[in-house]
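Let's take a walk through this protein, from the overall fold down to a few individual side chains. Keep the viewer open as you read.

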Amino acid sequence: MIEPVLKALDGDRAGYFADVVAKIEADPRTARHPNFVYLLLKETVGHLPAHLDKDELIQRLFAFIDAHARDLERVVFDPDFVHDPSVVKAVTDAFVLDIVELTLEHYDRGDIDTHEPSVQKFTWPYRAEDLVDAEDETALECVDARPAYTGPERRKSR
C-alpha cells in the first residue's frame, strides 16, 4: 500500500520516509491499527515535511490514530470511501496540519537546519565591531582596544 507512494518521492524524502516505515513495521503498536497506520501514511507522506526526528513523527502518528480511530473507522467503512477514496482527507488533513504545526514550532526554536546560507550586510561607514565574529572573544578584545567611531551616524535604526 505504501511502497508506490515511497517510490514516487525524491531521494532525501524517500529515504526519510522509508526509514519511518521501517521503524513503524518494527513497532508493536502497529498491530493495533495496521490498516489505519498505512492508510494515514499513504495519504499524507506527499504533504508531510521531512524535518522532524523520525521517532517524534512516529509518536505523533500513533497518538493521532489513537485519538481519531473512530473517525477513521467511520470514513473507511462508509460506502462513499469505496467510490471516492479522497473522502479520507477529511481526517488525514488534520494529521498533516498537526505535523506542519509541530515542524514550525521546531523551526521557530531553531531546531531545524534549513541549510540556507547566512547573509551578512554591512553599511558604510562600517565599524570594526561590525566585521568581527561575536563568538570570537579574542577578536572582540581587539575591537575594544580601538577608539570608538565618532563620525556621522548614517545608519537607519531598525
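What follows goes from the overall layout to the core, then to the helix packing, the aromatic pairs and two single residues.

One thing to keep in mind from the start: this is a predicted model. Its secondary structure consists of seven helices and zero strands, so going along the chain from the N terminus you just read α-α-α-α-α-α-α. Of the 158 residues in the protein, 30% are buried. If you like contact maps, consider those contacts with a sequence separation of 6 or more: 71% of them are between residues 24 or more positions apart.

Now for the inside. The largest nonpolar core has 34 residues, and Phe-17, Ile-24, Leu-41, Leu-61 and Phe-95 are the ones with the most contacts inside it. Which elements give two or more residues to this core? They are α1 (3-7), α2 (11-26), α3 (34-44), α4 (54-76) and α6 (89-109). The largest share comes from α4, with eight residues. Pick Leu-41 to get a feel for how this part is wired: setting aside neighbours within four places in sequence, Leu-41 is in contact with Ile-2, Val-21, Ile-24 and Leu-61.

Leu-41 belongs to α3, and that helix deserves a longer look. How much of α3 is buried? Eight of its eleven residues are, leaving the helix mostly covered. The buried ones are Phe-36, Val-37, Tyr-38, Leu-39, Leu-40, Leu-41, Glu-43 and Thr-44. They pack against α2, α4, α5 (79-83) and α6.

Two of those partners are worth taking in turn. To describe two packed helices, you give the angle between their axes and the distance between the axes. For α2 and α3 the angle is about 175°, with the axes 12 Å apart. Angles over 145 degrees count as roughly antiparallel, so that is the label for α2 and α3. On the α2 side the contact is made by Val-21, Ile-24 and Glu-25, and on the α3 side by Val-37, Tyr-38 and Leu-41. By class, these residues come to five nonpolar, no polar and one charged.

With α4 the geometry is another story. α3 and α4 pack at about 95°, with their axes 10 Å apart. Since 65 to 115 degrees is the range for roughly perpendicular, α3 and α4 are therefore roughly perpendicular to each other. From α3, the contact draws on Phe-36, Val-37, Leu-39, Leu-40 and Leu-41; from α4, it takes in Leu-61, Phe-62, Phe-64, Ile-65, Ala-69, Leu-72, Glu-73 and Val-76. Sorted by class, that gives twelve nonpolar residues, no polar ones and one charged.

Next, the aromatic rings. The protein has two aromatic pairs, counting ring centres within 6.5 Å. A pair of rings is described by the distance of the centres and the angle of the planes. Tyr-16 and Phe-17 make an edge-to-face pair, 4.9 Å centre to centre and with 90° between the planes. Are these two residues buried or exposed? Tyr-16 is buried at a relative accessible area of 9%, and Phe-17 counts as buried too, at 1%.

The other pair, Phe-64 with Phe-95, is tilted, with 5.2 Å between centres and 55° between the planes. Phe-64 sits in helix α4 and Phe-95 in helix α6, so the pair ties together parts 31 residues apart in sequence. Phe-64 is buried at 6% relative accessibility, and Phe-95 is buried at 1%. You have met both already: Phe-64 is part of the contact of α3 with α4, while Phe-95 is among the residues with the most contacts inside the core.

Finally, two single residues to click on. Thr-92 is in helix α6 and counts as buried, with a relative accessibility of 0%. Leaving out residues up to four places away in sequence, Thr-92 touches Leu-40, Glu-43 and Thr-44, which are listed among the buried residues of α3.

Ala-18, over in helix α2, is partly exposed, with a relative accessible area of 34%. Measuring from C-alpha to C-alpha, Ala-18 and Glu-3 are 8.8 Å apart in space, with their positions 15 residues apart in sequence numbering.

Definitions and conventions. Residues numbered from 1 in each chain as written. Predicted model: local features only at pLDDT ≥ 70, side-chain atom pairs only at ≥ 80, totals over all residues. Heavy atoms only, no water. Core = buried A, V, L, I, M, F, W, Y, C linked by side-chain atoms within 4.5 Å. Buried < 20%, exposed > 50% of the residue type's maximum accessible area, 1.4 Å probe, protein only. Helix = DSSP H or I, 4+ residues; strand = E, 2+ residues; numbered from the N terminus. Contact = heavy atoms within 4.5 Å. Axes fitted to C-alpha atoms, helices over the stretch in contact; angles between N-to-C directions. Parallel < 35°, antiparallel > 145°, perpendicular 65-115°, else oblique. Nonpolar A, V, L, I, M, F, W, Y, C, P; charged D, E, K, R; others polar. Phe/Tyr/Trp six-rings, centres within 6.5 Å; stacked < 30°, edge-to-face > 60°.
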